[in-house]
Amino acid sequence: MSKLKDFLKSQNHIIGLFFLFALSFFAIFILSEFPLDKFFLGFEIIGFFLLIYLSIQYSKFRKEESFREKYENLLDENKRLRSTYINEKKDLEEYFLLWTHQIKTPITVANLILNKKSGSDVKKLKEEMFYIEEYTNMAINYIKLTDRATDMDIEKVDLDKVIKTLLKKYSLIFINKRISLIYEDTNVEVIADSKLLSIMIEQILSNSLKYTEEGKITISFDKKRNSLSIKDTGIGIRDEDLVKIFDRGYSGFNGRVNHKSSGLGLFLVREISKILKLRVEVKSKLGQGSEFLIIFPANLTKL
């Protein structure tokens, strides 16, 4: 009954016009002294057509109302599912963030114990513990990066300070693997978020060390291209892998052979480059090494 009332309200203008014309013609018939039986016949005929029209429109109205109700139900269901998904995603992120923070405690304790020991096996174990900690940090960075609510602090960043902090952190790996480092101060400041930029450079440096068993790593800055280069003499990357190395979870041939790749590091590099408006290029030859270039826009560097 309520639908019928709503329909009649929506057709008020048609019904109103019908009665207005009917009253007008009735007045004309009265004033002109025309026979009223002709008027009532015409009224009945027009009224009949009006009923047919209203019946058709009512059928359409009911269909539209049915579609509208289904649409609103779908919207409500979508909102409910989205809310459930967001809550579950948040709970999962909080759990893994808590887990990754908690696991760092036994890692720290293990490192303290290892520092009291010596020997070639301990040396190798220290290196593996270092990578375990770095994979844990990578997981934390990934979770934080997927949280778009994370605030950024865009400021002038001393590129040399970032690089030297990372070189100090990875000094154990350089020493253990006897890899030479060629690096000169860049004397460059860039406009970026220092934490995100550090994560980005670290992932590239970590990869270079991971896949370089001997030789050297060269870090330099090309002021003409505004590009930071991290070049190694490692195993290189196959041509067919180059287009996919930044995909999440893709480890490529090198990762499968060496069992060292999580498929997450270079994905973080790509995502951060998008956030910081940077460009990343890769040059590599299998068996000869790789070179990663982080290219800064001219307006984001200060030489």
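**Exercise 1. Determine which residue stands opposite Leu-228, and place the pair in its sheet.**

Step 1. Leu-228 stands opposite Ile-294 of β7. The model is predicted: local features need pLDDT of at least 70, side-chain atom pairs count only at pLDDT 80 or more, and totals for chains, interfaces and linings use all residues. Residues are numbered from 1 along each chain as its sequence is written, and side-chain values use heavy atoms, without hydrogens and water.

Step 2. Strand β5 (residues 227–232) pairs with β7 in the antiparallel sense over 5 bridges. Strands are DSSP runs of E with at least two residues, helices are runs of H or I with at least four, and both are numbered from the N terminus. Two strands pair if DSSP finds at least two bridges between them.

Step 3. An open sheet of 5 strands has the order β2-β4-β5-β7-β6, with mixed pairing. Because β2 (180–183) and β6 (279–285) each have a single partner strand, they stand at the edges, and one side of each is left without a neighbour in the sheet.

**Exercise 2. Characterise the aromatic pairs.**

Step 1. Rings of Phe, Tyr and Trp (its six-membered ring) pair if their centres lie within 6.5 Å; planes under 30 degrees apart count as stacked, over 60 as edge-to-face and the rest as tilted. This rule gives 4 aromatic pairs.

Step 2. One of them joins Phe-48 and Phe-49 edge-to-face, at 5.9 Å centre to centre and 65 degrees between the planes. Both Phe-48 and Phe-49 are exposed. Exposed means over 50% relative accessible area, buried under 20%, and partly exposed in between (1.4 Å probe, protein chains only).

Step 3. Phe-246 and Phe-292 also form an edge-to-face pair, at 6.5 Å centre to centre and 80 degrees between the planes. This pair links distant parts of the chain, 46 residues apart: Phe-246 lies in the loop between α8 (239–242) and α9 (252–258), and Phe-292 in strand β7 (residues 289–295).

Step 4. Phe-246 is buried, with a relative accessible area of 14%; Phe-292 is buried, with 4%.

**Exercise 3. Classify the crossing of helices α1 and α2.**

Step 1. The axes of α1 (residues 2–10) and α2 (residues 12–32) come within 5 Å and cross at roughly 60 degrees. Axes are lines fitted to C-alpha atoms, for helices over the stretch in contact, and angles run from 0 to 180 degrees between N-to-C directions.

Step 2. Angles under 35 degrees count as roughly parallel, over 145 as roughly antiparallel, 65 to 115 as roughly perpendicular and the rest as oblique. Helices α1 and α2 are therefore oblique to each other.
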